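Student: Could you take me through one part of this model up close? I'd like to look at the pocket and then at the aromatic rings.

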Amino acid sequence: MMTNYGWYKIALPLVALLGLVSLSACQSTMRTMGMGPPMGSPEDVADSQAVWKALARADLVGPGARAGTPYMGTPPHGKVLELLHQKITVNGHTGLAIVKRNYGGPGVSLNSVKANRGRYLKAITVMFKREAGYDPEDKNWFWAKYKPDGSLHVKEKMGMKIQLAGRVAKGKPMGCISCHRGAPGGDFVFAKNLKF
Ligand code: HEC
């Protein structure tokens with residue numbers, strides 16, 4: 001009987017470990033097959049941080065962010081908006097990043113934003129063109145909605161908190177991808193004349 005116990009001490013953690021390994025392998029296969037959750041996974045969050053760092057290096061976000069030209073916006077993005085774009089390199093892949101700063105709150109106006117951007121900045125919504133194969137049906141955009149400090153906005157759904165990064169709301173009737181699909185030109189971008 002004593003010897004059996006000894007065996008269990010080794011076998012149990014081993015079985016648990018094997019289970020974990022096969023579970024994560026299964027999850028990543030599901031993801032590459034497009035079956036897993038399209039957004040908010042630890043990988044998506046890590047990607048969002050890598051994108052944020054590259055945006056900060058390019059002075060598009062963060063304390064050193066360049067000023068753009070604020071304009072009056074339309075829902076859902078905010079009352080006053082600012083749009084900047086530039087190619088950035090993330091994990092060795094270079095692609096276009098489009099950054100939309102969303103300003104709101106009491107007293108928001110073109111002039112108040114120009115005078116004090118930090119006070120009214122509510123969200124930074126970003127599209128980053130990923131490598132071919134990332135999301136072929138939706139033109140390979142990575143989507144994220146950041147708070148001014150670079151952490152992610154979270155959506156609560158049926159008691160679950162979903163971080164807004166990745167192929168955001170892919171396959172859903174509402175959200176980044178389905179709404180941007182309606183943009184003219186077929187590349188999910190509403191803004192015209194982006195030079196890159
Ligand atoms: C209901 C529709 C809708 C949803 C949902 C939506 N957008 Fe947009 N988005 C727009 C429209 C319309 C514009 C262009 C007008 C403007 O400047 O607001 C735009 C502009 C943008 C731009 C600037 C590039 C462009 O296409 O002109 C970015 C970046 C962006 N959105 C990111 C996002 C992200 C990230 C999400 C999800 C978290 C999101 N959007 C959700 C409608 C939407």
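**A close look at the pocket and the rings**

Tutor: Sure! In this predicted model, the largest pocket has a volume of about 1,200 Å³. Its lining is made up of 49 residues, and P76, H77, V168, G175 and C176 are the closest to the centre. Several elements give two or more residues to that lining: β1 (71–72), β2 (80–90), β3 (93–103), β4 (121–129), β5 (141–146), β6 (154–157), β7 (160–163) and α5 (176–180). The top contributor is β4, which gives five residues. Sort the lining by class and you get 30 nonpolar, 11 polar and eight charged residues.

Now for the rings. The structure has two aromatic pairs. One of them joins W52 and Y146, with 4.8 Å from centre to centre and 50° between the planes, and it counts as tilted. This pair links distant parts of the chain: W52 belongs to helix α2 (residues 42–57) and Y146 to strand β5, 94 residues apart. Both W52 and Y146 are buried.

The other pair is Y134 with F142: the ring centres are 6.4 Å apart and the planes meet at 55°, so this pair is tilted. Y134 has 8% relative accessibility, so it counts as buried. F142 is at 0% relative accessibility, so F142 counts as buried too. Y134 has another partner to look at: the charged end of R167 sits over the Y134 ring, 4.2 Å from the ring's centre.

Notes
Residues are numbered from 1 along each chain as its sequence is written. This is a predicted model: local features need pLDDT of at least 70, side-chain atom pairs count only at pLDDT 80 or more; totals for chains, interfaces and linings use all residues. Side-chain values use heavy atoms; hydrogens and water are left out. On a 1 Å grid over the protein atoms alone, a cavity is a set of points where a 1.4 Å probe fits but cannot get out, and a pocket is an open set with protein on both sides within 12 Å along at least five of seven lines; lining residues have an atom within 4 Å of a point. Grid points are joined across faces, edges and corners, and a volume is the space filled by probe spheres set on the points. Helices (H or I, at least four residues) and strands (E, at least two) are DSSP runs, numbered from the N terminus. Ala, Val, Leu, Ile, Met, Phe, Trp, Tyr, Cys and Pro count as nonpolar, Asp, Glu, Lys and Arg as charged, and the others, Gly among them, as polar. Rings of Phe, Tyr and Trp (its six-membered ring) pair if their centres lie within 6.5 Å; planes under 30 degrees apart count as stacked, over 60 as edge-to-face and the rest as tilted. Buried means under 20% relative accessible area, exposed over 50%, partly exposed in between (1.4 Å probe, protein chains only). A charge sits over a ring if NZ of Lys or CZ of Arg is within 6 Å of the ring centre and within 35 degrees of the ring normal.
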